[in-house]
Amino acid sequence: MRLTIDKTAFMKSWNVAERVAAQKSTLSVLSGILCTAENGNVTLQATDLKTSVKVKSEGITVDEPGKAVLPVKVVGELFKKAPTSIFTVEVAEGGTGTLLSGRNRYRFTTYPADDFPPLPSPEGASSFCVLGKSELHRILDEGGIAGSMGEEFPKYLGAELLQVKSGECHCVSTDGRRLSLSKAYVDKESPEQDMLLPLASVREFLRILSGLGEELQVNVSVDGALGYFRLDSLEFSVRRVDSSFPNYERILSPNTTTTLDVDRSQFISALERVDVVVRDHSRMVVLILSPGGDLKLSGRAPEIGEATEIVDGMIKGESLKVAFNVGFLIDGLKAFHGDKVSLSFNGQEGQMMMLRPNESDFLYMLMPIKLKSADLDGLDDGGDDL
């Protein structure tokens, strides 16, 4: 195999494959990328046996066809640091590789291509839905914000549910204390079905989507234990999580005592300043809502200090003092696509719902922290003069 490579164009596809290759595995071949050159085209394949990617590479001229597994750790670094923008890679029959960049030469070993496991194929998989790249990115991003990346049990806590029902694709996650749900319209003929995918793999796919500039259609399909995402030049497959997701619609309460409409960016900025004080303590922020007045935020940490923020907002309903984990609030607001946000509260101990004003395509539910009398000492509904 002999290839002439334009580094700028080629590295875009190499970086996609490199992120999926196994970083730690008992199988050395999984720490490499299978490079196949045939019919004038080059395909890169990588897998960690849970997530796989197959991407057509650009910026390559095939001088001699062939295939080889190129080690990411060494060859990938040589590609990135090659002193010229155009270089040549050649792999001999015995597996020895050579990279020529200007007057410089580098030799490296490769893994046998026959040892690389065959990747799953979406051919024959049943259609799940078809969505535009931007819309799929939005619902996967918003819908996955409440999940946990840790090794928690049950398994669904570290996963995101993709569900097609009634002409909509729902993306949902929860860590037991919060829940996020994002929706997009799909073909009404799409059959009702679902699949549970690991959050780590979904977030890796989101990084790939972010790097694709043009608006593309993504075909989502499912086949037994695997879910597939197909674009024009890329196939991404994920092994499904073997677990059942709870009936999330049953736990969403419609009851509301107080509502708040607020500018999202101002709210985030105020919460981040409160977090400076409380992040190494309880991470608790108290929201004081006074109908007809402003929103007051308060945070305290013994031996550190306290913070009070006043934020403009439209408050309706009952007066309320309620506390939340400030990090969880910020997570929901940052994943939220929109300038304005509506929050509905169900008393001091009921769930809070975050929504887009006059829309039903995104919901972030968060349970409050139970307030003690000591937490309320010194707080008032009107706020102090600053």
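Is Arg19 buried, partly exposed or exposed? I looked this up before anything else, and Arg19 turned out to be partly exposed, with a relative accessible area of 46%. For these words I kept to fixed cut-offs: buried means under 20% relative accessible area, exposed means over 50%, and partly exposed lies in between, with a 1.4 Å probe and protein chains only.

**Ground rules**

I noted that this is a predicted model, in which local features need pLDDT of at least 70 and side-chain atom pairs count only at pLDDT 80 or more, while totals for chains, interfaces and linings use all residues. Residues are numbered from 1 along each chain as its sequence is written, and side-chain values use heavy atoms, with hydrogens and water left out.

**Entry: the whole chain**

I began with the chain, which has eight helices and 26 strands; both are DSSP runs numbered from the N terminus, helices being H or I over at least four residues and strands E over at least two. The C-alpha trace spans about 80 × 50 × 35 Å along its principal axes. Of the 386 residues in the chain, 51% are buried. I also looked up the exposed area, which is about 18800 Å², with carbon and sulfur atoms supplying 46% of it; the areas come from the Shrake-Rupley method with a 1.4 Å probe, and for residues only the protein chains shown count as cover. Among contacts (heavy atoms within 4.5 Å) between residues at least 6 apart in sequence, 68% join residues at least 24 apart.

**Entry: a five-strand sheet**

In what order do the strands of the open sheet of five strands stand? I read the order as S5-S1-S7-S8-S9, with antiparallel pairing, where two strands pair if DSSP finds at least two bridges between them. Strand S5 (60-64) and strand S9 (104-109) stand at the edges with a single partner strand each, so one side of each is left without a neighbour in the sheet. From one strand to the next, the twist averages 20 degrees.

I then checked which helices pack on this sheet. H1 touches S1, S5 and S7, and its direction makes about 100 degrees with that of S1. Helix H2 (residues 72-81) touches S7, S8 and S9, and its direction makes about 160 degrees with that of S9. The axes behind these angles are lines fitted to C-alpha atoms, for helices over the stretch in contact, and the angles run from 0 to 180 degrees between N-to-C directions.

Going through the pairs, I found that strand S1 (residues 2-6) and strand S7 (residues 86-91) are antiparallel over five bridges. Ile5 has Phe87 as its bridge partner in S7, and Asp6 has Ile86. S7 also pairs with strand S8 (residues 96-101), again in the antiparallel sense, over four bridges, and there Val91 is partnered by Gly97. The hairpin of S7 and S8 has four residues between the strands, and in it Gly95 takes a positive phi near 100 degrees.

**Entry: salt bridges**

I counted a salt bridge where a side-chain nitrogen of Lys or Arg is within 4 Å of a carboxyl oxygen of Asp or Glu, and the structure holds 20 of them. Returning to Arg19, I found it bridged to Glu204, with the closest N and O atoms 2.6 Å apart. Arg19 lies in helix H1 (residues 7-20) and Glu204 in helix H4 (residues 199-210), so the pair ties together parts that are 185 residues apart in sequence. Glu204 counts as buried because its relative accessibility is 11%.

Another bridge joins Glu142 and Arg138, the closest N and O atoms being 3.0 Å apart. Both residues lie in helix H3 (residues 133-143), four residues apart, about one turn of the helix, and both are buried. They also belong to a network of salt bridges that links Glu135, Arg138, Glu142, Arg356 and Asp361.

For Asp175 and Arg177 the closest N and O atoms of the bridge are 3.3 Å apart. Asp175 is buried at 7% relative accessibility, whereas Arg177 is partly exposed at 44%.

**Entry: Glu249**

Which residues does Glu249 contact, leaving aside its neighbours within four places in sequence? I found Lys165 and His170. Glu249 is in helix H5 (residues 248-251) and is partly exposed at 40% relative accessibility. Glu249 and Leu181 are 68 residues apart in sequence, and their C-alpha atoms are 9.9 Å apart in space.
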